[in-house]
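Q: I would like to take a careful look at one part of this protein and then see how the rest is arranged. Could you go through it slowly, explaining each term as it comes up?
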Amino acid sequence: MSKFHRVFDTQQLFRQLLDSMSYAASVKNVHSICNGCDYAMDLYKSTQAIAISLLDTDTSYCVYGDKNIDEKMAMITYCQRKNVDEADYIFIAYDNQFELAHVLEQAKVGTLIDPHKSATIIVECNSCTAGKTYRCKGPGIKDTKDIKININCDWLEARNETNIEFPMGVDIIFLDKNYNLLALPRTTQVERI
């Protein structure tokens with residue numbers, strides 16, 4: 001059985017997620033919270049912990065490209081499985097990270113009346129602290145902030161196109177194998193440098 005506490009650890013992780021969304025482009029290490037979370041899914045322990053923290057019977061999810069993970073997640077969270085274009089939360093496992101741009105094109109972005117009815121994409125990448133450099137600006141960032149993300153796809157153009165009509169758009173949470181978490185809310189403007 002997992003050493004991850006479904007009440008106390010999920011609350012701690014949720015606070016870290018909120019902090020990461022509020023102070024966009026800041027890297028948080030969640031090792032101390034997520035290291036004990038192991039539900040025998042082919043996902044990072046931090047991804048599994050985020051799924052347990054965010055998913056419930058009132059939300060929907062899609063695990064992009066992996067039916068085995070999808071079935072296990074449904075049993076653990078009691079959450080509704082939906083297609084990628086209908087899901088509230090979309091999980092992209094490490095082996096499918098190259099699909100991020102494709103997922104961004106399909107994810108729901110909400111409407112002008114209900115922008116909150118959009119998707120949050122959780123993607124496992126190679127690193128949240130090394131790789132290509134991007135410059136971020138927007139709410140929660142003083143002036144600008146440079147970040148590095150190592151992911152096996154060219155995702156930026158698709159993200160910027162998806163988020164062009166604010167307040168509609170999607171939020172992205174990047175996770176790496178070292179338990180680093182990096183959130184890019186739809187309000188954050190990102191460019192490659």
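How many bridges join strand E6 (residues 127-137) to strand E7 (residues 145-150), and do the two strands run parallel or antiparallel?

A: Six bridges join E6 to E7, and the two strands run antiparallel. What you see is a predicted model, in which local features need pLDDT of at least 70 and side-chain atom pairs count only at pLDDT 80 or more, while totals for chains, interfaces and linings use all residues. Residues are numbered from 1 along each chain as its sequence is written, and side-chain values use heavy atoms, with hydrogens and water left out.

Some terms are needed here: helices (H or I, at least four residues) and strands (E, at least two) are DSSP runs numbered from the N terminus, and two strands pair if DSSP finds at least two bridges between them. Along the pairing of E6 with E7, Arg135 stands opposite Asp146 in E7, and Thr133 stands opposite Lys148 in E7. E6 also pairs with strand E10 (residues 189-192), in the antiparallel sense and over four bridges, and here Cys136 stands opposite Val190 in E10.

Taken together, these three strands form an open sheet in the order E7-E6-E10, with antiparallel pairing. Because E7 and E10 each have a single partner strand, they stand at the edges, and one side of each is left without a neighbour in the sheet. The twist averages 50 degrees from one strand to the next, where axes are lines fitted to C-alpha atoms (for helices over the stretch in contact) and angles run from 0 to 180 degrees between N-to-C directions. As a general point, in a regular strand the side chains alternate between the two faces of the sheet.

There is another sheet to set beside this one: an open sheet of seven strands, with mixed pairing and the order E1-E9-E8-E5-E4-E2-E3. Its edge strands are E1 (27-29) and E3 (80-81), each of which pairs on one side only. Within this sheet, strand E4 (residues 89-92) and strand E5 (residues 120-124) run parallel and are joined by four bridges, and the bridge partner of Ile92 in E5 is Val123. Helix H1 (residues 8-22) packs on the sheet, touching E1, strand E8 (171-175) and strand E9 (180-184), and its direction makes about 45 degrees with that of E9. Helix H3 (residues 45-54) packs on the sheet too, touching E4, E5, E8 and E9, and its direction makes about 145 degrees with that of E8. Contact here means heavy atoms within 4.5 Å.

Two residues let us look at the surroundings in detail. Ile90 lies in strand E4 and is counted as buried because its relative accessible area is 0%; buried means under 20%, exposed over 50%, and partly exposed in between, with a 1.4 Å probe and protein chains only. Leaving aside neighbours within four places in sequence, Ile90 is in contact with several residues, among them Cys62, Val103, Ala119 and Ile122. Ile90 and Ile172 are 82 residues apart in sequence, and their C-alpha atoms are 9.5 Å apart in space. Ala101, in turn, lies in helix H5 (residues 100-106) and is buried, because its relative accessible area is 15%. Not counting residues up to four places away in sequence, Ala101 touches Cys153, Asp154, Trp155 and Ala158, and the C-alpha atoms of Ala101 and Asp154, 53 residues apart along the chain, are separated by 6.8 Å.

Finally, consider the pockets. On a 1 Å grid over the protein atoms alone, a pocket is an open set of points where a 1.4 Å probe fits, with protein on both sides within 12 Å along at least five of seven lines, whereas from a cavity the probe cannot get out; lining residues have an atom within 4 Å of a point. Grid points are joined across faces, edges and corners, and a volume is the space filled by probe spheres set on the points. The largest pocket has a volume of about 220 Å³, and of the 15 residues that line it, the closest to its centre are Met21, Leu54, Tyr89, Thr120 and Asp171. The largest share of this lining, four residues, comes from H1.
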